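Biologist: Could you take me through one part of this model up close? I'd like to hear about a single pair of packed helices and what surrounds them.

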Amino acid sequence: MKLLLLTIATFLTFYGCNTPKKMETQVESTTVTTTTSSVRSAVKKPKNIIFLVGDGMGLSQITAGMYSNQDKLNLERMKTIGLHKSHAANSLVTDSAAGATAFACGQKTYNGAIAVDIDTLPISTILEEAEMKMLATGLVSTSTIVHATPASYIAHNKYRRNYEEIAADFLKTEIDCFIGGGAKYFNNRDDGRDLLQELRDKGYQVGDYFNNELDTMKIAEGKNFAFLTSLDDPLPVSQGRDYLEKASLMAINALDKKDNGFFLMIEGSQIDWGGHANDADFIVSEMIDFDNTLGAVLDWAEQDGETLVVVTADHETGGFAIQKGSTREKLVTAFTSDYHTAEMICVFAHGPKEELFRGIYDNTAIYHKMREAYGWPDITASK
Ligand SMILES: [Zn+2]
């Protein structure tokens, strides 16, 4: 499926209309916010965590997005920076499934594993644990919602491509909100089940791209919400996909109405697909879409004051490099691979307890750091 998306590459989307919001006013407000947030973080734990994953977003992808966006990204608003070691249990080069399982469950596993350990046994995820602690939970992605990254927070499967089994696992939790592609895995299945109807029967408000505009959907107060943005893979942003920012804000506002705090994972899925395609324009347009979404999330979180925002990637994709002769107008790029690489990955944090994310650590530590930020008992020994 991914290969079908490689035909795209318009040059229009990423030059011009993508300056991050609030750049003009940001210089002044950043200073103030940083001071208050570091004072705050010394004494306070976050009520909410918003965890953003740019799939395949290595440092070169970030750099290319930045230079192509007038030398500025919203990522620069995040002052706490670390690096994680992205390797899987069975390979130095991870895939998105093992990478997401590390973030979601705190364990290294094999490539292809969805929240199961190296013996294929299910392991609890931070989203499931948040549910048990009565927090509201959500997933938003620009891939299918059953794709490896979102799947690893809510499903348990020995193999990432068992999409229909993964979709069925969405019925086993009380996830409050999910928005992403892949409707066909819910309502056009080999087993004949209609999971969208089953979600409705469970009390969910359900919408899909075929019958509803995401823009016009209003989440009824207190209701759980599911929205499927496409039949299969969502389009690249260069072909008109434009929902990541609004879906993220919809999810945040819905989750925030439920009183106990929330955990939300937001994935910019297709930075990775640009890397697989060795298509620098694809990478840049998806990188800027992800960063614009981050800007809106940071605006909300700074206003809220009780929300920790963490941004990272599962791995780099493409062995992407920005070469001699590059200008801001035209990057000269090269790739060493059409797959992922093993380079260390940046982690950015902003908000209460952000200081936990300094330094160099394994990808699995991100799970434990998020738990520690929430103030949940340490379970390192049992995991
Ligand atoms: Zn990939």
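Modeller: Here is a walk through one helix pair and its surroundings. This is a predicted model, so local features need pLDDT of at least 70, side-chain atom pairs count only at pLDDT 80 or more, and totals for chains, interfaces and linings use all residues. Residues are numbered from 1 along each chain as its sequence is written.

The pair is H2 and H11, whose axes sit 8 Å apart at an angle of about 80 degrees. Helices here are DSSP runs of H or I with at least four residues, strands are E runs of at least two, and both are numbered from the N terminus. Axes are lines fitted to C-alpha atoms, for helices over the stretch in contact, and angles run from 0 to 180 degrees between N-to-C directions. H2 and H11 are therefore roughly perpendicular (65 to 115 degrees).

On the H2 side, Gln 61, Ile 62, Ala 64 and Gly 65 meet H11 residues Ala 280, Ile 283, Val 284, Met 287, Ile 288 and Asp 291; contact means C-beta atoms, placed from the backbone, within 7 Å. By class, that's seven nonpolar, two polar and one charged residues, with Ala, Val, Leu, Ile, Met, Phe, Trp, Tyr, Cys and Pro as nonpolar, Asp, Glu, Lys and Arg as charged, and the others, Gly among them, as polar.

Now the loops. Gln 70 sits in the loop between H2 (59–67) and strand S2 (80–85), and has a positive phi of about 55 degrees. Asn 278, in the loop between H10 (271–276) and H11 (280–304), has a positive phi near 50 degrees. Most residues other than glycine have a negative phi.

Note on methods: Parallel < 35°, antiparallel > 145°, perpendicular 65-115°, else oblique. Contact = placed C-beta atoms within 7 Å.
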